[in-house]
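Biologist: I should like a close look at a single part of this structure and at its surroundings. Please explain every term for a first-year student.

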Amino acid sequence: MSTPQQGSALERVRGLAREVAKFGAVGGVGVLVNLGVFNLIRHTTDLQVVRASVIATVVAIVTNYLGFRYFTYRDRARTGGSRELPLFVAFSVIGLVIENGVLYTATYGFGWDGPLATNVFKFIGIGTATVFRFWSYRTWVFKALPEAEPRQAPAPASVIASARGGAAGTRTPEPVRK
C-alpha cells in the first residue's frame, strides 16, 4: 500500500487491512520472540523482571525491524540509515518504555510479580505499545511513496497545429530553398 491517500474509500480500507495484517504477522513473531526471550531469561538467570523484559524487548525490536522493512513495508520509501533507522529506534524506545512501564507498575507498584502475572502484564504492555508503534512506524518511519505523476499522452497533430495558428489537418508551408 504505497499510496494510502489515493483511490476509493473501499480501496483504502482494503489497503489498510492488508497493512494491518502484515504488521500483525510480523508483530506476532515479535511477540513470540519477546515472550520467549523474556521467559528464558527469567527462568535461567536471576535478573529482575523489568531488566529481563527490556532485554527481550530489544531482541524483538531487532527482529521486527527486519520483518517490517523487508515484508510489511517493503514497497515504502527507503531512506536507510540516514532517516529510517534512527526514527525506528527512537519510536521503538518509546514503545519499550510504554511496554515495560506497564510491567514495572504491575510488578513494583502493585506487587504482582508471579510468573503468570508478569507474563500477563508483559503481554498487556506489548499490546499497548503496539498501538503506538503501528501509528508511528507507518506515519514517520516507513512513509508511503508519493504517487507518481501520470504521464500525458502526446497531443494529436490537430491540437498542435491549432496551437500554432493553423487549421487542423493543414501543414505549415516549408521555406523555399534557392
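Modeller: Helices are DSSP runs of H or I with at least four residues, strands are runs of E with at least two, and both are numbered from the N terminus. With this rule, Ser53 is placed in helix α2, and I shall start from there. The model is a predicted one, in which local features need pLDDT of at least 70, side-chain atom pairs need 80 or more, and totals for chains, interfaces and linings use all residues. Residue numbers start from 1 along each chain as its sequence is written, and side-chain values rest on heavy atoms, without hydrogens and water.

The setting comes before the detail. The chain holds five helices and zero strands, so that its pattern along the sequence reads α-α-α-α-α. Of its 178 residues, 29% count as buried (under 20% relative accessible area with a 1.4 Å probe, protein chains only; exposed is over 50%, partly exposed in between). Where residues at least 6 apart in sequence are in contact (heavy atoms within 4.5 Å), 71% of these contacts join residues at least 24 apart.

Ser53 itself has a relative accessible area of 0%, and therefore counts as buried. Beyond the neighbours within four places in sequence, Ser53 is in contact with Asn34, Phe38, Glu99, Asn100, Leu103 and Lys122. From Val37, Ser53 is separated by 16 residues in sequence and by 8.3 Å in space, C-alpha to C-alpha.

The partner Lys122 leads to helix α4. The axes of α2 (residues 49–72) and α4 (residues 115–141) come within 12 Å and cross at roughly 35°; such axes are lines fitted to C-alpha atoms over the stretch in contact, with angles from 0 to 180 degrees between N-to-C directions. From α2, Val49, Ser53, Thr57, Ile61 and Phe68 take part in this contact, and from α4, Thr118, Lys122, Arg133 and Tyr137.

Helix α4 also packs with α1, at an angle of about 145° and with the axes 11 Å apart. On the α1 side, the residues that meet α4 include Phe23, Asn34 and Phe38, while Lys122, Phe134 and Tyr137 are among those of α4. Asn34, Phe38 and Lys122 are also contacts of Ser53.

Aromatic rings take part here as well. Rings of Phe, Tyr and Trp (its six-membered ring) pair if their centres lie within 6.5 Å, and planes under 30 degrees apart are stacked, over 60 edge-to-face and the rest tilted. A search of the whole structure finds 17 such pairs. One of them joins Phe23 and Phe134 edge-to-face, with 4.9 Å from centre to centre and 80° between the planes. Because Phe23 lies in α1 (residues 9–44) and Phe134 in α4, this pair ties together parts that are 111 residues apart in sequence. Phe23 is buried, with a relative accessible area of 6%. Both rings belong to one aromatic cluster with Tyr65, Phe68, Tyr73, Phe88, Tyr137 and Phe142. Two of its members, Phe68 and Tyr137, appeared above in the contact of α2 with α4.

Finally, Val102 lies in helix α3 (residues 80–109). Val102 is partly exposed, with a relative accessible area of 23%. Apart from neighbours within four places in sequence, Val102 is in contact with Phe121, Ile124 and Gly125. Val102 and Ala129 are 27 residues apart in sequence and 9.5 Å apart in space, C-alpha to C-alpha.
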